[in-house]
Every structure is written in C-alpha cells, then in structure tokens.
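Me: I've got a model open and I want to check the labels people put on it. Can you walk me through the reasoning behind each one?

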Amino acid sequence: MMKYLKQFLIILTISFIGEILKELLPLPVPASIYGMVILFVCLLSGIIKLDSVRETGKLLIEIMPVMFIPAGVGLIASWNVLKPLLIPVSIITCLTIVTVMIVSGHVAQIIIKKGKNKEQM
C-alpha cells in the first residue's frame, strides 16, 4: 500500500509542477501536457526510475475509462447547446481522427525502418 502511495505522490508532484509551469509560462499549453513532458524527460534521463511509478501508472491507465464519465455527463447535460453544432463538430472529429491515424502510421513506419536499419548495421 505504501508503494502505491509513494508512486502516486511522485506523479502528483510532477502534475503540480506542471500546474505551476502553466501559471508561470505565457504559452497556451495545458498543465497536464507540461506534467507528461516532465515525467517523460525524468524517465528518459533516469532521474525517476520506471519502477518508481510503474504500478500506479498501470492502475491509472486501467481506471482511465471511469475518468471520462464526468465529461460524458457534461455533454449530455449540454445537449441543447451542442445540438446546432453537431454536424460541424462531427466533421471536424472525423477529419481529426483520420489525420491522426495517417500521421501515426507514417511515424510508426519511419520508426520501424530506422530500427531495421540499426539491426542491419
């Protein structure tokens, strides 16, 4: 139990630093993005060991669908406001999904090709 609390405290501390950066920097970047970048850099550099946050990270990923319930309820509660915007938002959403899929596919192919090139050397 204490291991989970320690790991959760590490994640919360990094999230808090992200919140501070959002307030200090005049960039339109959400605090959660700052926190994820900080955690990523700390994991890459070895400042934070993966074992220090692994179990709690897995737990948070497992319960992630529960985190979307308030957003879904908010959308349902705002249906009268969103109804006139349904078609434009649907079109934008579909275009965004297709764009992300295409870009992700190309990036994955580039990474796979670079990995194969390193193996051949």
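**Checking the labels**

Reply: Sure, and keep in mind that this is a predicted model. Start with the length of H1: at 1.5 Å a residue, its 23 residues should span 33 Å, and the end C-alpha atoms are 33 Å apart, so the two agree.

Me: Why is H1 called roughly perpendicular to H3?

Reply: Helix H1 (residues 2-24) and helix H3 (residues 54-62) pack at an angle of about 75°, with their axes 8 Å apart. Angles of 65 to 115 degrees count as roughly perpendicular, so H1 gets that label relative to H3.

Me: Which residues make that contact?

Reply: On the H1 side they are Lys 3, Tyr 4, Gln 7, Phe 8 and Ile 11, and on the H3 side Arg 54, Glu 55, Thr 56, Gly 57 and Leu 60. By type, the residues of this contact split into 4 nonpolar, 3 polar and 3 charged.

Me: What makes Gln 7 count as buried?

Reply: Buried means under 20% relative accessible area. Gln 7 has 2%, so it is buried. Gln 7 belongs to helix H1, and the buried residues of H1 are Gln 7, Ile 11, Ile 14 and Gly 18. What they pack against is helix H2 (31-45) and H3.

Me: Which residues does Gln 7 touch, leaving aside its neighbours within four places in sequence?

Reply: Gln 7 is in contact with Asp 51, Ser 52, Val 53, Arg 54, Glu 55 and Thr 56.

Me: How do you know whether Thr 56 is buried or exposed?

Reply: Use the cut-off again: under 20% is buried. Thr 56 has a relative accessible area of 2%, so buried is the word. Thr 56 sits in helix H3. Apart from neighbours within four places in sequence, Thr 56 has contacts with Tyr 4, Gln 7, Phe 8 and Ile 11.

Me: What makes Lys 3 and Glu 55 a salt bridge?

Reply: The rule asks for a side-chain nitrogen of Lys or Arg within 4 Å of a carboxyl oxygen of Asp or Glu. For Lys 3 and Glu 55 the N to O distance is 3.9 Å, so the pair fits that rule. The pair links distant parts of the chain, with Lys 3 in helix H1 and Glu 55 in helix H3, 52 residues apart.

Me: Why are both of those residues called partly exposed?

Reply: Partly exposed covers what lies between buried, under 20%, and exposed, over 50%. Lys 3 has a relative accessible area of 48%, so it is partly exposed. Glu 55, at 26%, is partly exposed too.

Me: How many salt bridges does the structure hold?

Reply: There are 2 salt bridges. Arg 54 forms one with Asp 51, where the closest N and O atoms are 3.4 Å apart; that is within 4 Å, so it qualifies.

Me: And how do you know which label, exposed or partly exposed, goes to Arg 54 and which to Asp 51?

Reply: The cut-off for exposed is over 50%. Arg 54 is at 34% relative accessibility, so it counts as partly exposed. Asp 51 has 56%, so it is exposed.

Me: Last one: why is Pro 26 labelled exposed?

Reply: Exposed means over 50%, and Pro 26 has a relative accessible area of 77%, so the label holds. Pro 26 lies in the loop between H1 and H2. From Pro 26 to Gly 57 it's 31 residues in sequence and 29 Å in space, C-alpha to C-alpha.

Notes. Residues are numbered from 1 along each chain as its sequence is written. This is a predicted model: local features need pLDDT of at least 70, side-chain atom pairs count only at pLDDT 80 or more; totals for chains, interfaces and linings use all residues. Side-chain values use heavy atoms; hydrogens and water are left out. Axes are lines fitted to C-alpha atoms, for helices over the stretch in contact, and angles run from 0 to 180 degrees between N-to-C directions. Helices (H or I, at least four residues) and strands (E, at least two) are DSSP runs, numbered from the N terminus. Angles under 35 degrees count as roughly parallel, over 145 as roughly antiparallel, 65 to 115 as roughly perpendicular and the rest as oblique. Contact means heavy atoms within 4.5 Å. Ala, Val, Leu, Ile, Met, Phe, Trp, Tyr, Cys and Pro count as nonpolar, Asp, Glu, Lys and Arg as charged, and the others, Gly among them, as polar. The expected span of a helix is 1.5 Å times one less than its number of residues. Buried means under 20% relative accessible area, exposed over 50%, partly exposed in between (1.4 Å probe, protein chains only).
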